[in-house]
Amino acid sequence: MATDSREDGKFLSRKMMTRCSGHCNENRNSVVQPLLTDLYQITMAYAYWKSGKIDDVAVFDLFFRTNPFQGEFTIFAGLEECLKFLEYFHYSDGDIEYLRQTLPDGIEDEFFDYLSHLTAKDVCLYAIEEGSVVFPRVPLIKIEGPLIVVQLLETTLLTLVNYASLMATNAARYRMVAGKNIKLLEFGLRRAQGPDGGLSASKYSFVGGFDGTSNVLAGKLFNIPVKGTHAHAYITSFTGFSELKTRTLRHKVTGVPQDLLELSIRHREAMSEVLDVNTEESSEGELAAMVSFAIAFPDGFMALVDTYDVKRTNFSVGVDSQHPIENGEKPKMNGHHETSDINSNITCTLPNVAIKYNNDKTDDVRPKFMNNGDDVECKCRQRKDGMMLGSDGVLQNCGSWRCCSSMRNSRKILVGHVVLGRNRTNLLTNVGKSFRSGLLNFCAVALALNDQGYRAIGIRIDSGDLAYLSCLARQTFEQVSSRFRIPWFNTLTIVASNDINEDTIISLNEQGHKIDCFGIGTHLVTCQRQPALGCVFKLVEINNQARIKLSQDVEKVTMPGSKNAFRLFGSDGHALIDLMQKVSEPPPEVGQKVLCRHPFQESKRAYVIPTRVECLYKVYWRDGRVCQSLPTLHQVRDRVQASLKTVRNDHKRTLNPTPYKVAVSDHLYNFIHDLWLQNAPIGELS
């Protein structure tokens, strides 16, 4: 039994994580202990004890009522942590002393002696396999045992399942919208709800389908791949070439040293022509920083390329004479006084005009561009529900290189009555000026590394129009690959970060981005779209007598009695319906007609003839030990993807998903409603 140091009844953790023995031999969080509970659980335990209910046997269900994130599925996670908690459930001497000081006066000493001998050996826990797709109302965990003991487990089990399942579900949704070929990295430790929340986020984002984490401790504890590059601080810590203390790098094969800075400067001259960027527009400090990082990590060179805006451009705007700016008013665009080019910190002021498309045809929202007198249509389509190029009111381009090339090379861009001339204001030509400085320096260093027998990994973009910049970077890499005959250069990895959420990825997909990997932090680990899953723990049976909780809100009425749950599959191989029934009922059989009923709406019922029947519950804990061989974290991760494949796509889609059906057997339906009538009070009219 692991022990923890305590002084004066206060818990002092010497180690955040300890090793546990027995069946649960993975890292165990020492904070997860019997005192990690709500006070009322312990006061109820005393009241039960005082009432002589020591020998009462109860059944509790742990379930949730609504799927998170406005979706129609949830991923069950946290089961292994629950089993570790059961294995180590015991009140230490320090715990008992603290409870003596904390609980109200008058509690009998015999109760504390009773608590000191409690374990989970008489508890039996049934659960759905961790990593499975689950649905509302179907218990994730069913736990039987002494009433007092099971009651004391409630809060801890809920905290172990609620966030784990929410986090795994959030990560699985990101994986689905990103697609199987895009890498996903969790970068959320600095934004997570404390260190334990950060560790849990790293663990369960990996379960949900992420490929790695920036969290080094999570990598050690859970065997998750750890990834990372550098921050803007590394770039800005260099101001010039003179700060490079080491400039040489030995060839990977021959061992011959070369001055990597000199090679990089030479390649930068050649690259400036390819990128059409003057070398004076790039930062020497940035180049020095990249050379330094490349020397430190020649086999793992990945650079952040959007640190500097070296050359700022002030824009003037040609305005149609029909729409002059009057009374010294600062120009506005659709209510915004100015719009900012988020890629290069350039502010473009525009007159207060409506944006029009293709000779005022509102049914076609592709903006037109004037190129040497010829019209060039943008091949992308922006939103159709507004009169702006961008849904947020900021001028955007589509991210399609063909389209962006048309913009980039045009003499004029005609947007409604606003004309941006090439020599005076070419907004899209100058988009990403700071980015192109970093891209120029990166390519130069990558080519220098190639001379020394090494391959760069890629770049990270942390701001700006990610779709456009990724297309610009990919086209640049392809140009370099072709010009210098380096085949691998066009496969360099493009990583994007910058407050990315699920909707961002969907939008980037629509714009045809060229991103290979997303680094996602805040929105992932804090589950900003929905901060809690809402699992509950309800008594459904005591001493073989079913119990029901009634409410005016039908959604809060509980399913009484000990139940089994089955997943029935249709002829297409997909899950069709989840069916709950009393434990005394025979299980449904393949090819046999089963009447499935909505638990509360009498008219909603259907016959189902399953082609496959899956029993959802396994016994995971009995007689004080784990009864199943527990999967590794990687196996749970594989289970998530395999389970998701059994669910139809219309249940998983992000927009208006089809609700998945959860039903009860005809026998359980009648039992619920009979018990409801027995327990519902009869009103009196006067």
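**Exercises on helices 9, 10 and 14**

**Exercise 1.** In this predicted model, which residue caps the N-terminal end of helix 10, and through which atoms?

Solution. The cap is Ser 283. One of the oxygens of the Ser 283 side chain lies 3.2 Å from the backbone nitrogen of Gly 285. A polar contact requires the two atoms to be within 3.5 Å.

**Exercise 2.** Compare the span of helix 10 with the expected value.

Solution. Helix 10 covers residues 284-296, which is 13 residues. The expected span at 1.5 Å a residue is 18 Å. From first C-alpha to last, helix 10 reaches 18 Å, close to that expectation.

**Exercise 3.** Decide how far helix 10 is enclosed by the rest of the structure.

Solution. A residue counts as buried under 20% relative accessible area. The buried residues of helix 10 run through Gly 285, Glu 286, Leu 287, Ala 288, Ala 289, Met 290, Val 291, Ser 292, Phe 293, Ala 294 and Ile 295. Because 11 of the 13 residues are buried, helix 10 is largely enclosed. For the chain, 54% of the 686 residues count as buried.

**Exercise 4.** Describe how helix 9 and helix 14 pack.

Solution. Helix 9 spans residues 260-275 and helix 14 residues 466-484. Their axes are 11 Å apart, at an angle of about 120°. The range 65 to 115 degrees would be roughly perpendicular, and over 145 roughly antiparallel; the two helices are therefore oblique to each other. Their crossing is right-handed. Helix 9 contributes Ala 270, Met 271, Glu 273, Val 274 and Leu 275 to the contact, and helix 14 contributes Thr 476, Gln 479, Val 480, Arg 483 and Phe 484.

Terms used: Residues are numbered from 1 along each chain as its sequence is written. This is a predicted model: local features need pLDDT of at least 70, side-chain atom pairs count only at pLDDT 80 or more; totals for chains, interfaces and linings use all residues. Side-chain values use heavy atoms; hydrogens and water are left out. Helices (H or I, at least four residues) and strands (E, at least two) are DSSP runs, numbered from the N terminus. The expected span of a helix is 1.5 Å times one less than its number of residues. Buried means under 20% relative accessible area, exposed over 50%, partly exposed in between (1.4 Å probe, protein chains only). A polar contact is a pair of N or O atoms within 3.5 Å; within protein, one must be able to donate a hydrogen and the other to accept it, and residues adjacent in sequence count only if both atoms are side-chain atoms. Axes are lines fitted to C-alpha atoms, for helices over the stretch in contact, and angles run from 0 to 180 degrees between N-to-C directions. Angles under 35 degrees count as roughly parallel, over 145 as roughly antiparallel, 65 to 115 as roughly perpendicular and the rest as oblique. A crossing is left-handed if the near helix is turned anticlockwise from the far one by less than a right angle, and right-handed if clockwise. Contact means heavy atoms within 4.5 Å.
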